[in-house]
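Here are some short exercises to work through with the structure open beside you. Try each task yourself before you read the solution.

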Amino acid sequence: MTTPKLILWDIDHTLIETGGVGSEVFRDAFEQVTGHKIEKLADVTGRTEPIIFQETLEIYGIEDPGDYFLRFVRAQAEGYQSRAEEMRRRGRVLPGAREALESLATGLDAYQTVLTGNPRPSAEAKLSIFDLATMLNGNTGAYGDDDAIRANLVDIARQRVYKQTGVTFTKKTTVIIGDSPSDVEAASKGGAQIIAVASGNTSAEDLRSAGATTVLYDLADTAAVREAVAGF
Ligand SMILES: [Mg+2]
């Protein structure tokens with residue numbers, strides 16, 4: 001019998017890329033909500049949206065009356081939805097991502113959902129635009145609008161999964177698959193294993209230096225992804 005595993009997928013640069021549409025949507029939504037046109041975004045790699053949003057406010061010295069982030073979350077998701085065609089044209093599902101999701105759904109007793117810095121409405125928009133949503137149990141995922149600290153999202157996901165399935169996943173049986181040092185840190189601080197994928201802005205070497213012992217160059221080799229998950 002295989003031990004049930006909980007797989008927590010990062011979205012950006014792990015499963016998909018927006019091809020630049022993501023930062024344009026951010027700028028538009030930011031301007032719509034705050035009235036400020038921005039040129040410069042805070043560093044986004046692996047960070048949760050509330051932190052990126054807050055830092056962008058600070059860069060421009062903008063005072064938040066209190067509801068900016070909530071309004072931004074709505075505007076951002078609408079931005080993705082209205083640019084779905086463009087996302088499909090400029091962005092892409094990363095090589096092997098769809099095949100990995102499909103493959104892990106069989107034979108390994110794996111439960112797959114998401115752990116992402118994206119607010120839930122934007123995460124759902126991105127996944128459905130690229131036709132990946134049905135392969136992930138999005139209701140039990142953890143999102144950037146649940147908590148600004150990525151490591152805290154591990155337990156949020158585990159609790160949601162428990163409520164849905166009655167299965168308790170532990171540090172040993174939970175694995176994050178992600179592309180950035182923040183995913184590695186979320187696993188070590190939040191209590192999960194990590195499979196790091198060098199498909200984003202961080203090299204395999206730098207992911208190892210960040211503490212990942214299992215590192216893949218990409219998801220193209222489905223057998224290697226399965227083996228990595230089965231290895232925990
Ligand atoms: Mg990522």
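**Exercise 1.** Which residues of H6 are buried, and what covers them?

*Solution.* Remember that this is a predicted model. Step one: go along helix H6 (120–129) and count C-beta atoms around each residue, where 20 or more others within 10 Å make a residue buried. The residues that pass are Ser 122, Ala 123, Glu 124, Ala 125, Lys 126, Leu 127 and Ile 129. Step two: that makes seven of the ten residues, and H6 is mostly covered. Step three: look for the cover, which includes strand S2 (16–17), helix H3 (68–82), helix H4 (84–90) and strand S4 (110–114). One last detail: just after H6, Asp 131 takes a positive phi of about 60°.

**Exercise 2.** Find where the two domains touch, and say which helix supplies the largest share of the side of domain 1 that touches domain 2.

*Solution.* Begin with the division of the chain: domain 1 is 5–18 + 92–230, and domain 2 is 21–89. Their centres, taken over C-alpha atoms, are separated by 23 Å. Next come the contacts, in which 18 residues of domain 1 meet 18 residues of domain 2. On the domain 1 side, H6 and helix H8 (181–190) each supply at least two residues. H6 gives the largest share, with five residues. Sorted by class, this side has six nonpolar, eight polar and four charged residues.

**Exercise 3.** Describe the five-stranded sheet and place Ile 7 in it.

*Solution.* First write down the strand order, S4-S1-S5-S6-S7, of this open sheet with parallel pairing. S4 and strand S7 (214–216) are the edges, as each pairs on one side only. On average, neighbouring strands are turned by 20° against each other, direction ignored. Now zoom in on strand S1 (residues 5–9), which five bridges join to S4. Here Ile 7 has Gln 112 of S4 as its bridge partner. Gln 112 is also among the contacts of Ile 7, along with residues including Leu 104, Val 175 and Val 229.

**Exercise 4.** Why does the largest nonpolar core lie between the two domains?

*Solution.* Start with the general idea: in soluble globular proteins, nonpolar side chains tend to be buried together. In this model the largest nonpolar core has 63 residues, and Ile 7 and Leu 8 have the most contacts inside it. Helix H1 (residues 21–34) gives the most to this core, namely six residues. Finally, check the domains: domain 1 and domain 2 both give residues to the core, so it lies between them.

Notes:
Residues are numbered from 1 along each chain as its sequence is written. This is a predicted model: local features need pLDDT of at least 70, side-chain atom pairs count only at pLDDT 80 or more; totals for chains, interfaces and linings use all residues. A nonpolar core is a set of buried Ala, Val, Leu, Ile, Met, Phe, Trp, Tyr and Cys residues joined through C-beta atoms within 7 Å. A residue is buried if 20 or more other C-beta atoms lie within 10 Å of its own, exposed if 12 or fewer, and partly exposed in between; C-beta atoms are placed from the backbone. Helices (H or I, at least four residues) and strands (E, at least two) are DSSP runs, numbered from the N terminus. Domain bounds come from an automatic or database domain assignment. Two residues are in contact if their C-beta atoms, placed from the backbone, lie within 7 Å. Ala, Val, Leu, Ile, Met, Phe, Trp, Tyr, Cys and Pro count as nonpolar, Asp, Glu, Lys and Arg as charged, and the others, Gly among them, as polar. Two strands pair if DSSP finds at least two bridges between them. Axes are lines fitted to C-alpha atoms, for helices over the stretch in contact, and angles run from 0 to 180 degrees between N-to-C directions. Lists of a residue's contacts leave out its neighbours within four places in sequence.
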